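Dear colleague,

I am passing on the structure we spoke of, and below it you will find my notes on what was found. Please read them with the model open beside you.

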Amino acid sequence: MADHGGQRRELTRRTFLAASLAAGAGAAVAACSRTAPGLTSQPTTVPAKLDEAIKAAEAARPHTGKTVSATLTPRPVTVDLGGKVVKTLGYADNVPGPLIRANVGDELEVVVNNKLQTPTSTHWHGIALQNNMDGAEPATPNIPVGQSFTYKFSVPDAGTYWAHPHVGLDLDTGLYLPVIVDDPKAKADYDAEWIIMLDDWTDGVGRSPQQIFDDLKKNGMGAMGGQGATGGMGQSGAGGSNLLGGDPGDVTYPYYVINGRIPEAPTTFRAKPGQRIRLRIINAGADTAFRIALGGHKLKVTHTDGFPVVPTDVDALLIGMGERYDAIVTAGDGVFPLVALAEGKGAAARALLATGVGTAPPMGFQPPELNGKVGTVELFAAPEESRLNWNSADTEMVADLTAADTGYQWGINGFYPDNKPFTVFQGQQAALTFSNKSRMWHPMHLHGHTFAVINPDGTQGARKDTVIVIPNQSVKIAILADNPGYWPMHCHNAYHAEAGMFTTFDYLS
């Protein structure tokens, strides 16, 4: 079994929250204090004005009065990836974990019972929820071994979301699941739905995530450019990626999977010819962008990170870690491969769409759509009714994305925890520019908010919560400071975040 116990040796470096927080919806958040490695922060509470603002923001969200309840038990599990049986961490004996689904305005009440050997959390990725239920420090303390925590929050926006731990390197295990929020008032313009979770897999097969991280720190190759570690049994000689600006990542993996199945034993989605199928695509990987296409089909992209875009036809999509895209396809007649290239890494994940008779193409087949029109963020824009209510910046911020000259360290205006948090006041309109000064791409994620990508001409593009920033590129985003609290902002490469590419976006009282 992989060495999960060793995954937390670096955890004290990242811990900066007092461990006391009540479980109720009105509980005060612990104030953001940063500590040197090996030290523990002292418990403090949120200033009264900020606590009131957090409660007011929750009251302003839609509320149906209905509660959706679920129980999650993260624990060591044995999972069959399709003939390859592995020991990992999971919420169930299969990957992904169980779907959680609710309507806009419903309250989720999710009990998490920690049966791991280390602390855990559950982060509700992309949901603009109340701060103390975010499932990530500093807003929510980790759940101690053998204890439980109840996440209780309303879901304000329809969309495709997901949940995963926010502790150490546990993201690079089987601990993830889809979360779908429906709008019952929205017109249903599709006949079937296919939830697709992409992942890069090493746990229980090759080297453990902690061993990979130790190798990266020892070799220092990631920060200098070039893939610095392999999960074992992995592909060697992986090339670069023009779409990602060069270096595709730090780690090559033994397997790349779709819905927990290796390419040799793909999952099959069955539908009827002519049906309109809504694909909900989630990249749950730790170090891999995927370029995904469905052979013989165009993808009509309708949403990204939960929010609508002007419907746009593409042949393929580039999806960074933490990103989600929804697309509609009109199913043909036959058996069609859904292929997700591990961008720049010389391997792929695979699934099948079956609507009639036919034979699946051979394992190595790559549909020509992968080399057609590839959808990236600049191709998409929110329709007018979904644009962020943002006009001009009250405050301008810059986030320099950097790497250490030697060793394995990544940073946002310096290395966490020694960098300074970004600060805003409730109601401000903020502009933040991610400026990538490193030699690798970064999927940058802000908790608790959706932001608008600002085009070079100043107009709003797509609404996102995670955006790819390639080397020598700047991406400007607009943020409406309407969800008070202390919010993590970090690279969604698990190894980069653990190596210092992490900060917070803090509201001042």
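In the hairpin of β17 and β18, which has two residues between the strands, Asp 305 takes a positive phi near 50°. Before going further, please note that this is a predicted model, in which local features need pLDDT of at least 70 and side-chain atom pairs count only at pLDDT 80 or more, while totals for chains, interfaces and linings use all residues. Residues are numbered from 1 along each chain as its sequence is written, and side-chain values use heavy atoms, with hydrogens and water left out.

To return to the hairpin, strand β17 (residues 299-304) and strand β18 (residues 307-314) pair in the antiparallel sense over five bridges, and Thr 304 has Phe 307 of β18 as its bridge partner. Here strands are DSSP runs of E with at least two residues, helices are runs of H or I with at least four, both numbered from the N terminus, and two strands pair if DSSP finds at least two bridges between them.

Phe 307 appears again in the largest pocket, where it is among the residues closest to the centre, together with Asp 157, Ala 158, Gly 306 and Pro 308, out of 41 that form the lining. This pocket holds about 1000 Å³ of space, and β17 and β18 each supply at least two residues of its lining, as do α2 (48-60), β9 (177-182) and β15 (276-283). By class the lining has 17 nonpolar, ten polar and 14 charged residues (Ala, Val, Leu, Ile, Met, Phe, Trp, Tyr, Cys and Pro count as nonpolar, Asp, Glu, Lys and Arg as charged, and the others, Gly among them, as polar).

The structure also holds two cavities of 30 Å³ or more, and the largest has a volume of about 140 Å³. Of the 15 residues that line this largest cavity, His 166, Gly 168, Leu 171, Ala 494 and Ala 497 are the closest to its centre. The largest share of the lining, three residues, comes from α5, and the lining divides into six nonpolar, six polar and three charged residues. Both terms rest on a 1 Å grid over the protein atoms alone: a cavity is a set of points where a 1.4 Å probe fits but cannot get out, a pocket is an open set with protein on both sides within 12 Å along at least five of seven lines, and lining residues have an atom within 4 Å of a point. Grid points are joined across faces, edges and corners, and a volume is the space filled by probe spheres set on the points.

β33 and α5 (494-498) each give at least two residues to the lining of the largest cavity, and β33 also belongs to an open sheet of five strands with mixed pairing, in the order β26-β34-β33-β28-β31. β26 (422-425) and β31 (466-469) stand at its edges with a single partner strand each, so one side of each is left without a neighbour in the sheet. Within the sheet, β28 (residues 442-446) and β33 (residues 486-491) pair in the antiparallel sense over three bridges, and His 445 stands opposite His 490 in β33.

Lastly, Asp 326 is found in strand β20 (residues 324-330) and is buried, with a relative accessible area of 1% (buried means under 20%, exposed over 50%, partly exposed in between, with a 1.4 Å probe and protein chains only). Asp 326 and Arg 278 are 48 residues apart in sequence and 6.8 Å apart in space, C-alpha to C-alpha.

With best wishes
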